Amino acid sequence: MRYMSTRSEPGRGDRLAFDDVLLGGLAVDGGLYIPEHVPKLPEAAGPEARNLSYAELAARIMAPYVGGAVDDDELASLVADAYATFDHPDVCPLVALDDDHWLLELFHGPTFAFKDIALQVVARLFDHELERRDDRAMIVAATSGDTGSAAMEAVAGRDRLDIVVLHPAGRTSEIQRRQMTTLDAPNVHAVAVDGTFDDCQDLVKAMFADEPFRTESKLAAVNSINWARVAAQIVYYVWAARRLADDRPVTFCVPTGNFGNVLAGHYARRMGLPTERLLIASNTNDILSRLIETGELAAHDVVPTLSPSMDIQISSNLERLLSELFDGDGAATTALLARFRAEGRAGLSTEQHERLRAEFAGDRLDDSETLDVMGRVHAESGMFIDPHTAVGVGVAERCRRPGELVVSLATAHAAKFPDAVLNATGCRPDPPPALAAVADLPERCTSLPNRIDAVEDFVRSVRRD
Ligand SMILES: *Cc1c(COP(=O)(O)O)cnc(C)c1O
């Protein structure tokens, strides 16, 4: 298996193996790595794979993407080790909302959001590869809330890795911030940037674009631009379909920010998983659902909402889908993105828009609709759901057709958002003990201005050699 950049021309540009893509993150030309071809679901992950454990299924689905960079037995044990950190035997359990609508709970990992599913595996893959190369890496990441703590938790205490995580000051929830700032390990560093999530993401991109700095600091990314994360996320789409063992193709509804999660669903479909539709659920920051409706990418200002991990206007992973819509024409993909950056809007062709609408649909919920869904689900089932999950559930209810089998992805534990839950239901969800503990621990965080020189200086100052 080889990978190429979304910005390279067909038949040109470097072709990289998985281990280089894993450590490289963003391609040198600024594009994102995509597999040269999409493998079919392995037979061993076919419908009879219903009895496999989650970790066994994960190793089989990831193997063609890893492409021999890690041998199959090692991959299986690494993945088993990653999912042993989860607090549910199914790793990603399914819970019924009604006969044809299921919640896929993706929040049973160490930081209680779905980012753990990929990052627990990716950090172990990094360690494995750096050990083999006798090298080290400095991970830099931007987070709108959940990625940061999940990445820091996955990296904490690992010898060959340091990590610096940028978050927009004051725009993550109290618990999300505390999960990052209370981690007591010498190789993890939380930074509050005076800016938005998009500013943080731009700073990370700028560090990678600064070639001398990138090399000197041995930068690596675990943001959702990293292909290995997408590969790990493909697994739970297949898992849900196998567990439901229903003859109907599944419609997945995905609360969406950076487009990484729903992109993994798209790849599961391309691998041959029978999928009816992919529903893109947005909060008020609805650039993606507007793209589906109008065929135009049009940036608005970022509005803070109850679902901060979706407060994003520039969804980095969208580039991978755009490159498909341009049939791998890197120059055309780059031109569209450049136009969008320069003018704040860029349109797809009618044909591209139709291809998009054949697979995706979407809608949005504002904060008050989100609270309504949280309150109603609690009243009907006694279940607490978090605001991100509620955006998905609300969009699924609005978009579903009679007889359609729908799986809504539950992306965070409700106890990570106690104020919204209290507001919606009048009750406080009990936090899992590991989450309750962060309230009393001392915080460690550095505040920096939204300037590349300040951030690069900080990274140099904390790097261990
Ligand atoms: C990251 C995150 C999302 C958005 O996922 P993307 O892959 O960025 O689309 C949704 N909900 C929660 C709780 C998250 O942490």
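The following chat walks through strands, salt bridges and surface charge in a predicted model.

Biologist: Which strands make up the open sheet, and in what order?
Modeller: There are five, ordered S8-S5-S6-S7-S15. The pairing is parallel. Keep in mind that this is a predicted model.

Biologist: Which strands sit at the edges?
Modeller: Strand S8 (219–220) and strand S15 (446–448). Each of them pairs on one side only.

Biologist: How many bridges join S5 to S8?
Modeller: Two. Strand S5 covers residues 137–142, and S5 and S8 run parallel.

Biologist: Which residue of S8 stands opposite Ile139?
Modeller: Ala220.

Biologist: Now the other pair. Do S3 and S4 run parallel or antiparallel?
Modeller: Antiparallel. Four bridges join strand S3 (residues 94–98) to strand S4 (residues 101–105).

Biologist: How many residues lie between S3 and S4?
Modeller: Two, and the strands form a hairpin. Within the hairpin, Ala96 has Trp102 in S4 as its bridge partner.

Biologist: Switching to charges. How many salt bridges are there?
Modeller: The count comes to 40.

Biologist: Let's take Arg160. What is its partner?
Modeller: Glu131. Their closest N and O atoms are 3.1 Å apart. The pair links distant parts of the chain, 29 residues apart. Arg160 is in the loop between helix H5 (146–155) and strand S6 (161–168), while Glu131 is in helix H4 (residues 115–133).

Biologist: Is Arg160 buried or exposed?
Modeller: Buried, because its relative accessibility is 19% and the cut-off for buried is under 20%.

Biologist: And Glu131, buried or exposed?
Modeller: Glu131 is exposed, with a relative accessible area of 51%. The cut-off there is over 50%.

Biologist: What does Asp327 meet in a salt bridge?
Modeller: The side chain of Arg355, at 3.3 Å from N to O. Asp327 lies in the loop between helix H12 (318–325) and helix H13 (330–343), and Arg355 lies in helix H14 (residues 350–359). So the pair ties together parts that are 28 residues apart in sequence.

Biologist: How accessible are those two, Asp327 and Arg355?
Modeller: Asp327 counts as exposed at 59% relative accessibility. Arg355 counts as partly exposed at 31%.

Biologist: Which helix holds both Arg460 and Asp457?
Modeller: Helix H19 (residues 452–462). The two are three residues apart, about one turn of the helix. Their side chains meet in a salt bridge, 3.1 Å from N to O.

Biologist: What is the accessibility of Arg460 and of Asp457?
Modeller: Arg460 is at 36%, so it counts as partly exposed. Asp457 is at 47% and also counts as partly exposed.

Biologist: Which residues are linked in a network of salt bridges?
Modeller: Asp286, Arg290, Glu293, Asp363, Arg364, Glu369 and Arg398.

Biologist: Last topic, the surface. Which residues gather in a patch of negative charge?
Modeller: Asp71, Asp72, Asp73 and Glu74.

Biologist: Where does Asp71 lie?
Modeller: In the loop between helix H2 (54–66) and helix H3 (72–83).

Biologist: Why does Asp71 count as partly exposed?
Modeller: Because its relative accessibility is 42%. That falls between the cut-offs, under 20% for buried and over 50% for exposed.

Conventions: Residues numbered from 1 in each chain as written. Predicted model: local features only at pLDDT ≥ 70, side-chain atom pairs only at ≥ 80, totals over all residues. Heavy atoms only, no water. Patch = residues over 30% accessible without salt bridge, like charges linked within 9 Å, V, L, I, M, F, W, Y side chains within 5 Å. Areas by Shrake-Rupley, 256 points an atom, 1.4 Å probe, with all protein chains shown as cover. Salt bridge = Lys/Arg side-chain N within 4 Å of Asp/Glu carboxyl O. Lys, Arg positive; Asp, Glu negative; His and termini not counted. Charge placed at Lys NZ, Arg CZ, Asp CG, Glu CD. Buried < 20%, exposed > 50% of the residue type's maximum accessible area, 1.4 Å probe, protein only. Pairing = 2+ DSSP bridges.
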